[in-house]
Amino acid sequence: MKLFYTYFLILCCFSAIAQDKTHTSYVDANYFGGYIGLHNNEILHLIQEHPSGVILSWNKKTFGFEDWEQRFNYPDYGFSLAYQNFNNPVLGNNVSIYAHYNFYFLNRNVMFRIGQGLAHNSNPYDRETNFKNVAFGSTLMSSTYAMINYKKERIFDRFGLQAGVSLIHYSNANVKAPNNGTNTIAFNLGVTYNLDEEVPEYQKTLDKKADRKFTEPIRYNVVFRSGINQSDLIGSGQYPFYIFSGYADKRINRKSALQVGTDVFFSNFLKELIRFRSVAFPNEGLSGDEDFKRVGVFVGHELFVNKTSLLSQIGYYVYYPFEFEGRVYIRAGLKRYFGKKWFGAVTLKSHGFRAEAVEFGIGLRL
């Protein structure tokens, strides 16, 4: 009888867990093949064959038990592992790991995935043994990939199918030269498999009208960012940089805030670049003592997704004593809030398609 009661209690516990289930998960595998886009004439000699590879992913499905899940139409989030063969011995192959989000549209038939992570290249630039690889200057790089799929789950029991297009970007963001990077545009075909038999119902408890009316007073932010980078001159050395930013933001609803502010840049690699150009190109009229500091003003947008947010800013240098890749700059990346005031950020700063630095920052929102 005691054994019966034990089994009964265990059954009740599992039943309670099943009733309280708020997430399910699935895995997918995608094969892709495509071509390298010519975003820079310096990599023209590297575009020879069609790259191919696979992307394996684990995904956690949401059903609206938290407000942010309903706000973004019940997205998935998870991790991806990718392998890409460039079919070119100069470029080698890349293995990458990402964290990603999946967002759904058109009655959940269309999925948009965005992932950010790190990649390992098997054959980076070497002055003696691989001088032709001007795409990848280091073994470790950052990588971003985007995927748009038409998707149908549970076509055959727990198996489903998906197909679409992907964009995979590799770059070390000028941590080490050369850094022309690659953009792979590919077609992908994949299979999905749901790991759970039972699926919770989608919750619809969010007051969308109140969400749209939500506002906050203007908040003030201070951020310190740093990292290391290098100019495009191979062998010119890696140097630390420091960025001090201050900006005001106005939350206009639960999802979005608008920003306006200023940056002060202390980019030490410019010191070396100024000195080099003053000696190597005397006809440019540089003395070598030009100020390496820059000051910019910017406007931006922040998209709040749970405790993580997506940041995008566009700026213009108002103090610009040395010409370097134009006055307009772009910053994009992720923020993660720790409590109500403190946050960390990882962002990419670029001038058009030319990356300048990966920035690691810590900030305070008052």
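This is a short dialogue on reading the folds and one pocket of a predicted model.

Q: What does the secondary structure of the protein come to?
A: The protein has 4 helices and 16 strands. Its C-alpha atoms fill a box of roughly 95 × 55 × 45 Å along the principal axes.

Q: How many of the residues count as buried, as a percentage?
A: A residue is called buried when its relative accessible area is under 20%. Of the 366 residues of this protein, 45% count as buried.

Q: What share of the contacts joins residues 24 or more positions apart?
A: Contact here means heavy atoms within 4.5 Å. Among contacts in the protein with a separation of 6 or more, 62% are between residues 24 or more positions apart.

Q: Which strands make up the closed barrel?
A: Strands of a sheet pair through backbone hydrogen bonds, and the pairing is either parallel or antiparallel. In this model, 8 strands form a closed barrel with antiparallel pairing, in the order E9-E10-E11-E12-E13-E14-E15-E16. Neighbouring strands of this sheet are turned by 25° against each other on average, with direction ignored.

Q: Where does strand E9 find its partners?
A: Strand E9, residues 219-229, is joined to strand E10, residues 239-251, by 11 bridges, and the two run antiparallel. E9 also pairs with strand E16, residues 354-365, in the antiparallel sense over 6 bridges. Asn221 can be followed in both pairings: its bridge partner in E10 is Tyr247, while in E16 Asn221 stands opposite Arg365.

Q: How many bridges join strand E15 to E16?
A: The antiparallel strands E15, residues 342-351, and E16 are joined by 10 bridges. As one example, Trp342 stands opposite Leu364 in E16.

Q: Which strands does helix H4 lie across?
A: A helix can be placed by the strands it lies across and by its angle to one of them. Helix H4, residues 269-280, lies across E9, E10, E11 (256-267), E12 (293-305) and E16. Helix H4 runs at about 50° to E11.

Q: How much space lies in the second largest pocket, and which residues are closest to its centre?
A: A pocket can be described by its volume and by the residues that line it. The second largest pocket holds about 500 Å³ of space. It is lined by 17 residues, and those closest to its centre are Glu216, Arg251, Arg254, Phe304 and Asn306.

Q: What classes of residue are in the lining of this second largest pocket, and which element gives the largest share?
A: By class, the lining has 5 nonpolar, 2 polar and 10 charged residues. Helix H2, residues 67-71, gives the largest share of the lining, with 3 residues.

How values were computed
Residues are numbered from 1 along each chain as its sequence is written. This is a predicted model: local features need pLDDT of at least 70, side-chain atom pairs count only at pLDDT 80 or more; totals for chains, interfaces and linings use all residues. Side-chain values use heavy atoms; hydrogens and water are left out. On a 1 Å grid over the protein atoms alone, a cavity is a set of points where a 1.4 Å probe fits but cannot get out, and a pocket is an open set with protein on both sides within 12 Å along at least five of seven lines; lining residues have an atom within 4 Å of a point. Grid points are joined across faces, edges and corners, and a volume is the space filled by probe spheres set on the points. Ala, Val, Leu, Ile, Met, Phe, Trp, Tyr, Cys and Pro count as nonpolar, Asp, Glu, Lys and Arg as charged, and the others, Gly among them, as polar. Two strands pair if DSSP finds at least two bridges between them. Axes are lines fitted to C-alpha atoms, for helices over the stretch in contact, and angles run from 0 to 180 degrees between N-to-C directions. Buried means under 20% relative accessible area, exposed over 50%, partly exposed in between (1.4 Å probe, protein chains only).
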